[in-house]
Every structure is written in structure tokens, then in C-alpha cells.
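The following note sets out points on the structure shown below. It is arranged for reading beside the model.

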Amino acid sequence: MKLSTRIALGAALLVPLLVAAAAALLLPLVNADLHRRQDAQLNDRAAALLPNARALLTADTKGRPKAEQNQQRKVLDAALDAGVRVAAADGTVLLSAGSQPADPQLLPAGGTMTVHQSGASWRVLTVKVNSGATTGTLWVLAPAGAPAEELRAVRRRVLLVALLAAPLSGLIAFALAERATLPLRRLGRRAAALDPRTGHAVFAHTRTGTAEVDELSGAIALLLSRYDEQAARTAHALDTARSFSSAASHELRTPLMSLRTNLDVLSAHPDLPEAERAEILAELQQDHARTVDLLGALSTLARGDLVEVSAFGPVDLAELVDAAVADAGRRHPQAVFRTELPAEVRVFGWDAGLRILLDNLLGNAAVHGRGGDAPAEVDVRLRIEGAAARLTVDDRGPGIPPADRAAVFRRFHRRPDSPGSGLGLTLVAQQAALHRGSATATTRPDSPGCRFDVRLPLLRDHAPTPELPAPRAWLSAPEQPATKSG
């Protein structure tokens, strides 16, 4: 059922009910007003009759029949259509005329009241008459049915108004509701004709002047924009999953084939010399470690592509660097780590992502930062430069040729002798870009070796929450965004 029809039916039912409720309050007041008007008429009639009633009592007391008859006529003339009764103090009825109860005992001794007898009713006013020499009582009566007739007429008119108001109010309400819901119907047609593939941009929010319709239109536009965002996230997640599967299947082919070959050799030659068996087992362990590292790195890279801004918050980078250096020292006990850290450096970051960046930087320096047979020496410095936090990781290794410094951040770029997955520095570049910073590879300025320089913007007080850079496709894109080299 249409909303306008519902409103029309509601009005058609509600208006008669309101008329009936008003009548229920009004009719008792009308009845009381009618009785007051009748009592006022009785009082006026009694005031006109009272002088003649006194004269009638005086004539009766003095025994003047002609004067008494004359006063009776005057009382009857003054009474007009009202009933009248005059009685002396001893109960002798001097005059009784007009409509009144057959039983005089029903008449009140004083005041005004309604008297009923044999289906008829009268409104009776009792007045004490004092003629000086004697006293008596004057009763003035009027049929009580006259106010009741007027009240019934009022009821009939109220009923007629209620019957006419029902269809009339329904038609008026329907016309008004049709006009009021016209913007809503237009909005419904626009929403029904919307193509989900076009996105929320085609659903332009135009003001109609109706607050509820404008609010609903804005809510639909917001819902569509959120749907587009969620659809984009889902599509991005699917691309990342496909890329993960493709990269894993491509990069795992070589270690898995090597594992299969070595296992076939072991199963086909159970009597291999101990030295050859140990060599094959060492290769199996290396291939297994490489496979695990590769899967972990791919998973971490995909995690960075899918992270949301809700995972970010204020982070003390100095404290995080200190903890990462301590963990790196435990993982690489042969390396020497030296740090130079300020008391506090606050950035807006993803805590887990920054640990990924730090762990891979420090692990890369510990593995590739050896100078000859000497253990790796890694110098880690963190300081504030302008509006950015600058982290440098220096080693004493062979360094990176200038032509290769941009390539080291690309996926699966690794030196022939590297035991890693080729994704460690890619993760560093991804996290730097994710935090709206940069990662560069340069030469160590004070001695031979390599320097990795990471710059991240500092956390500013009362600044709006930054948005994540887009697009983020380090795993799914054919090539990563360009990374600076020094």
C-alpha cells in the first residue's frame, strides 16, 4: 500500500474520531448551557409573576372573590406558556394552570430542580411569596424536554459533520501526501535505475527542500560510496591473492625442484658416502629455509598491501628501533650493533609495519655488511631533521654499485650469494612508502660500506589523520614505485 494511501486512510479515520472526541467534551457543556438558559427564563418569568401572586394571596386572605379572579387572570396572562401553581401557606391551591405533574407532592419546597412523572419531565422553580399579611408558594414550570431536543439536534449535526469529514479529510490528506511524497518517489526511481557498475558518482545528491528526502538521499549516496570503497578493497584483495599465488608458484618452483631432486638422490642411493649425504642434507635445509622465508616474505608483503588506516597510531620510533636492535643482536650474535638514539621520536605509524622495516634493514646489514672475514659492524642512528625522522643504517660491507641501488628494492632482486628471498628490501621500501616516507641506498660517507637512509614524517599535534597512499600494489604490480638512490 502506498504511503499516501496510508496517510489518507489514517486521516479519514482520525478526523471523525477527533470530531467525536470534541463532541464528547462539548455536549455536556451545551447541555449545562441549555439548562442555565431555561433556569434564567424561569427566573425572569417568576419575577414577572411575583407581584400578581402577592396580590392573589392578599385578595384570598381578605375574601375578595372578584379581586382574586382578576389577579388569577393577570397571573395566567403573565405566565404565557409556562406552567404556574400558587398555593397559600395552609396548602390551599389558589391557581394551577399549564403543564405540570398531576401529583403536587412531587413539586420541590424550594430552589430549582427537574421533576419526572409518567415519562414526562419538568424544570420547576419554587419561589416563596410574602404578601405581608400572609405567605404562600409560587411554582413556575417548563417542560424539560426542550433542552433535550436541542441537545439531540446538536448530536445529529455533530454526526453529520463527522460523516462528511471522513471522506473529505481522506481526499485532502491523499492530495497533500501525494505532493509531499513526490520527491521520495523520484528518489526511488533514481535508485532503481542506478547501475552498480557506475559507482556512486552518478548518484548526485541534489537538494529537494524536503529535509527527510534530502537526508535519505545523502544516506544512499554515502552508502554507495562505502559500497564502492568496499568493492575496491575486495578487488584489491583478490588481486593481491592472485599475485601471491602467482609469485609463490613461480618463485617456489626452483627450491621445490631442488628439494625433489635431492630427495630422489637420497632415496635412490641409500649407500651414499657420509660426506655426500651430509652435503645433500645441507642443501635440503637451505632449500627448506629459503622456501619458508619466501612464503613469509610474500605473506608480509601482501599484509602491507591490505593494511587499513585503522591499524595506524602514534608510535615512539626511538623505542621501536631500540627493541629491534636488541632482537637483531640475538638473531645475529656475530654482528656488532651500535646505536645513537634520541629520547623520543613520535611518528604516525603501523607498529607491526615499522618492525618489519627495521628487522629487514638490520638483518640485511648483518648478513651483507661484513668487510672480508671480520664480523659485520652496523651503526644505527635516529635523529630529527625538520619535520621528519631520519634513520640511517650503516655497514662496512662491499656496498651497492650506483647502477643497482634502485633495483635492490624491487621484488626478488638478490645477489647470487644471498641466502634471502629477495623481498627484504622490498618490504623496507613498501613500509617507507606506506608511512609516506622514503627509503634510499647510498654509500657510507665516513668509510667503505653501504648506508640505508629512511625518512618518515613526524607526528604533528592536532593534525588530521593521514590517509594511506594509493595505489598500494607492491605484490600485484609488475613493477614497484620508483625508489630513490643516492
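**Note on the predicted model**

1. The protein chain exposes about 27100 Å², of which carbon and sulfur atoms supply 58%. Accessible areas come from the Shrake-Rupley method with a 1.4 Å probe, and for residues only the protein chains shown count as cover. The model is predicted: local features need pLDDT of at least 70 and side-chain atom pairs count only at pLDDT 80 or more, whereas totals for chains, interfaces and linings use all residues. Residues are numbered from 1 along each chain as its sequence is written, and side-chain values use heavy atoms, with hydrogens and water left out.

2. Of the 486 residues in the protein chain, 40% are buried (under 20% relative accessible area; exposed is over 50%, and partly exposed lies in between, with a 1.4 Å probe and protein chains only). The chain holds ten helices and twelve strands; these are DSSP runs numbered from the N terminus, helices being H or I with at least four residues and strands E with at least two. Among contacts with a separation of 6 or more, 67% involve residues 24 or more positions apart, contact being heavy atoms within 4.5 Å.

3. One open sheet has five strands in the order S2-S1-S5-S4-S3, with antiparallel pairing; two strands pair if DSSP finds at least two bridges between them. Strand S2 (93–97) and strand S3 (111–117) each have a single partner strand, so one side of each is left without a neighbour in the sheet. The twist averages 20° from one strand to the next. Angles run from 0 to 180 degrees between N-to-C directions, and axes are lines fitted to C-alpha atoms, for helices over the stretch in contact.

4. Within this antiparallel sheet, strand S4 (residues 120–130) and strand S5 (residues 135–143) are joined by nine bridges. Valine 129 stands opposite glycine 136 in S5. Helix H1 (residues 3–61) packs on the sheet and touches strand S1 (83–88), S2, S3, S4 and S5, its direction making about 45° with that of S4.

5. Another open sheet of five strands follows the order S7-S9-S10-S12-S11, with mixed pairing. Its edge strands, S7 (336–340) and S11 (438–443), each pair on one side only. Neighbouring strands here are turned by 15° against each other on average, direction ignored. S7 and strand S9 (residues 377–385) pair in the parallel sense over five bridges, with glutamate 340 opposite arginine 381 in S9.

6. Helix H8 (residues 317–331) packs on this sheet, touching S7, S9, strand S10 (388–394) and strand S12 (450–457), and its direction makes about 175° with that of S9. Helix H9 (residues 351–368) lies across S7, S9, S10 and S12, running at about 25° to S10.

7. How many of the residues of S10 are buried? Seven of its seven residues are. Ala388, Arg390, Thr392 and Asp394 lie on one side, and Ala389, Leu391 and Val393 on the other. S10 runs antiparallel to S9, with seven bridges, and aspartate 379 stands opposite aspartate 394. The S9–S10 hairpin has two residues between its strands, and glycine 386 in the turn has a positive phi of about 65°. Seven bridges also join S10 to S12, again antiparallel; leucine 391 has valine 454 in S12 as its bridge partner.
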